[in-house]
Each structure stands twice: as structure tokens, then as C-alpha cells.
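Q: I am new to this structure. Please take me through one part of it closely, and show me how that part sits within the rest.

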Amino acid sequence: MKRGTFTFFVGPSVFIMLALMTVPLLASIILGLHFITFRNLDAPQWVGLQNYEQVLADPEFWDSLEFTLIFIAVTVPLRIVLGLLFALLLDQIRRFRGVFVAAALVPFVMTPVVGTLIFRDMFDRGGPYWYWMQQLFDYRLFMNSTTVPLLIIFHSIWTATPFAMIVLFAGLQTLPQESLEAARVDGASWLRQLWHVAIPHLRSLFIFIALISIMDAYRVFDSVFVLTQQNPIYDAETIMYYNFQVAMSFGRLGKANAMSVLTVIGIFVVLIPFLALTYREQTEES
């Protein structure tokens, strides 16, 4: 394809995507340098880096960042591991495979707020899981600062694991049969075939899923908003949820924009190792 033809087809979409990313970011940077509330929207007050200093000195910001990083560290590896296990199981199924895939994708394609409401009702007082735990283990589940964060993590794994499963299942279909046959002839067990043949072949997909999962986990908001019901006693604030509180509950729009800019910087810092690893993978393959 000629360069002019490629530019003609790709140029408009690239321009639109850059505009959608850069314009809001520049607006957030500018607004973050002003003191803005709902009362002075027409006349914002220039404060320079004061909002950034307040964010960095805010202990609740660091608490929300800590919970967000713990959330990422727990959910992302579990998504990948469970996604691989379910993909391996799905690879062994021949009949009704489409039914199992459709059932697994239900929580992934469901509207986040609606899915979280259903998830909360299942564990809430009178819900099926609450009833079973009481009947089987004589344990009554109460919403507190321990159970709510665990439910947020569990909900994330439940909704996002199907994505990893589908991606890895597609990767399993491209496994080189010659390598598998050679491993079988050499007497390699199923676990050795998985460790030495399948997992190295899926390495690039693991990195891809990790990138998507980290970005998705870093901006988690819906499940926190629904499961906590905006109650601070649960101590389960992510950085995006606290950003929402600063803007809408506290009315500090300038500080919220400064926090958004710092959040974007934090995402890049977290993703840089994975982006570098992806670039190295691509250069080695080419």
C-alpha cells in the first residue's frame, strides 16, 4: 500500500483519537492550576501548583492509591491464571462449547452498574450466597471494612476473567502441533508440555492481557461506587473513586483535575515496564 493511501485512510482516525486524548488532558492540566468550585466556575482563581501540593499532601489520596495498587497486584495475576485454567478446560470441550463461552461472557458484557448491583444483592442479607453461607457454615456475612474490599476484588475477577479466557483460548488454537508431537514422543507429561510449549507460545498474550488488565484495574470505579454505597467506613476507596468524591462531594474541581493529571502520570509509570517488554517482544519477532 502506498504511503499516501495509508495516510488517507488512517489519518482521520489518528487525528480524532489524538484530539480525544490530548484536548481533555490539556484542559485538566490548565484547570488543575486554578482554584475552582461550583461557585466560581465563571471566574476561576489562579493558584499555580497549589492543587498538586495539596493532592500530594493529602493522606486520603495516598490511602486510595495504596488500595488501588493492592487491587492491581491481586486481581491482575489472578485474572491471568484463572483465564489460562478456564481456557485449558475450554480447549478440552468439544460439544456445547459455544454455550459455555456465552455463559462465561455474561458478566463481561453486562452493564457494569447493573452487574454490580446483581452481584451485591447475591451477597447482601437475604441473598443466595448469604443464605448458603449461613446454612452450610453458620456464618453470617456482614458488610464491613474487610468484606467489602474482598467483594470488590472478587467482583473484578468475576467480570474480567472471561476476557483473559477468550484471548488465551484463541492463542491455544495456534499452538504448533509439531512441537506438541515432539514433546509427546520425548515422553513429556501434560504439565511439561504446558510449561515448555504452551506457556512460552502464549507469552505475548500474557503481556497483552496484563496491559489491558492493569489499565482496567487502575480506573475501577463502578464496583466501588455500588458496593460501598459511598459509605467511608468500608475503607475501600480507589484513586478514581476518591477523585470523584473530591470533585462531586467536596466540590474541589481544580484539585480533582490535578489529581487526574497525576493519575495519568501514575498509569504511565506503571505501564512503562510492560510497554518496554511488549516493544522488545515485537522487535524480537520481526
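A: What follows begins with the whole protein, turns to helix H9, and then moves on to other parts of the chain.

This is a predicted model. The protein holds 13 helices and two strands. Its 286 residues include 38% that are buried. The C-alpha atoms fill a box of roughly 75 × 70 × 30 Å, taken along the principal axes. The protein exposes about 17400 Å², and carbon and sulfur atoms supply 68% of that area. Take the contacts between residues at least 6 apart in sequence: 67% of them join residues at least 24 apart.

Now the close look. Helix H9 covers residues 190-201, which makes 12 residues. At 1.5 Å a residue, H9 should span 16 Å. Its end C-alpha atoms are 15 Å apart, which agrees.

Which residues of H9 are buried? They are Gln193, Leu194, Val197 and Ala198. Seen down the axis of H9, these buried residues fall within an arc of 125°, so they line one face of the helix. The spacing has a general background. An α-helix has 3.6 residues a turn, so residues three or four places apart point the same way.

What does the buried face of H9 pack against? Its buried residues meet two other helices, H3 (59-92) and H8 (177-185). The other side of H9 carries exposed residues: Leu191, Arg192, Trp195 and His196.

Proline 200 also belongs to helix H9. Is proline 200 buried, exposed or partly exposed? Its relative accessibility is 45%, so proline 200 counts as partly exposed. Buried would need a value under 20%, and exposed a value over 50%. Leaving out residues up to four places away in sequence, proline 200 touches Leu194 and Trp195. Leu194 is among the buried residues of H9, while Trp195 is among the exposed ones.

Next, follow H3, one of the helices that H9 packs against. Arginine 79 sits in H3 and pairs with aspartate 216 in helix H10 (residues 203-218). The two form a salt bridge, with the closest N and O atoms 3.4 Å apart. This pair links distant parts of the chain, 137 residues apart. Arginine 79 has a relative accessibility of 2%, so it counts as buried. Aspartate 216 has a relative accessible area of 29%, so it is partly exposed.

Aspartate 216 has another partner. Its side chain also meets that of arginine 219 in a salt bridge, at 3.3 Å from N to O. Arg79, Asp216 and Arg219 are thus linked in a network of salt bridges.

H10 itself has 16 residues. From its first C-alpha to its last, H10 reaches 22 Å, close to the 22 Å expected at 1.5 Å a residue. Its buried residues are Phe206, Ile207, Ile209, Ala210, Leu211, Ser213, Ile214, Ala217 and Tyr218.

How many salt bridges does the count give? It comes to three. One of them joins aspartate 58 and lysine 255, whose closest N and O atoms are 3.1 Å apart. Aspartate 58 lies in the loop between helix H2 (50-56) and H3, and lysine 255 lies in helix H13 (residues 253-285), so the pair ties together parts that are 197 residues apart in sequence. Both aspartate 58 and lysine 255 are buried.

Two other spots round out the picture. One is on the surface: Val14, Phe15, Ile16, Met17, Leu18, Leu20 and Met21 form a nonpolar patch there. Together they have about 720 Å² of accessible area. Methionine 17 belongs to helix H1 (residues 3-31). Its relative accessibility is 46%, so methionine 17 counts as partly exposed.

The other spot is glutamine 229, in the loop between helix H11 (222-228) and helix H12 (239-249). At 48% relative accessibility, glutamine 229 counts as partly exposed. Neighbours within four places in sequence aside, glutamine 229 is in contact with Arg120 and Val224. Its C-alpha atom is separated by 22 Å from that of phenylalanine 108, which is 121 residues away along the chain.

Back to H9 to finish. One face of this helix is lined by its buried residues, and those residues pack against H3 and H8. Leu191, Arg192, Trp195 and His196 are exposed on the other side.

Key
Residues numbered from 1 in each chain as written. Predicted model: local features only at pLDDT ≥ 70, side-chain atom pairs only at ≥ 80, totals over all residues. Heavy atoms only, no water. Helix = DSSP H or I, 4+ residues; strand = E, 2+ residues; numbered from the N terminus. Expected span 1.5 Å × (residues − 1). Buried < 20%, exposed > 50% of the residue type's maximum accessible area, 1.4 Å probe, protein only. Arc of directions from axis to C-beta. Contact = heavy atoms within 4.5 Å. Patch = residues over 30% accessible without salt bridge, like charges linked within 9 Å, V, L, I, M, F, W, Y side chains within 5 Å. Areas by Shrake-Rupley, 256 points an atom, 1.4 Å probe, with all protein chains shown as cover. Salt bridge = Lys/Arg side-chain N within 4 Å of Asp/Glu carboxyl O.
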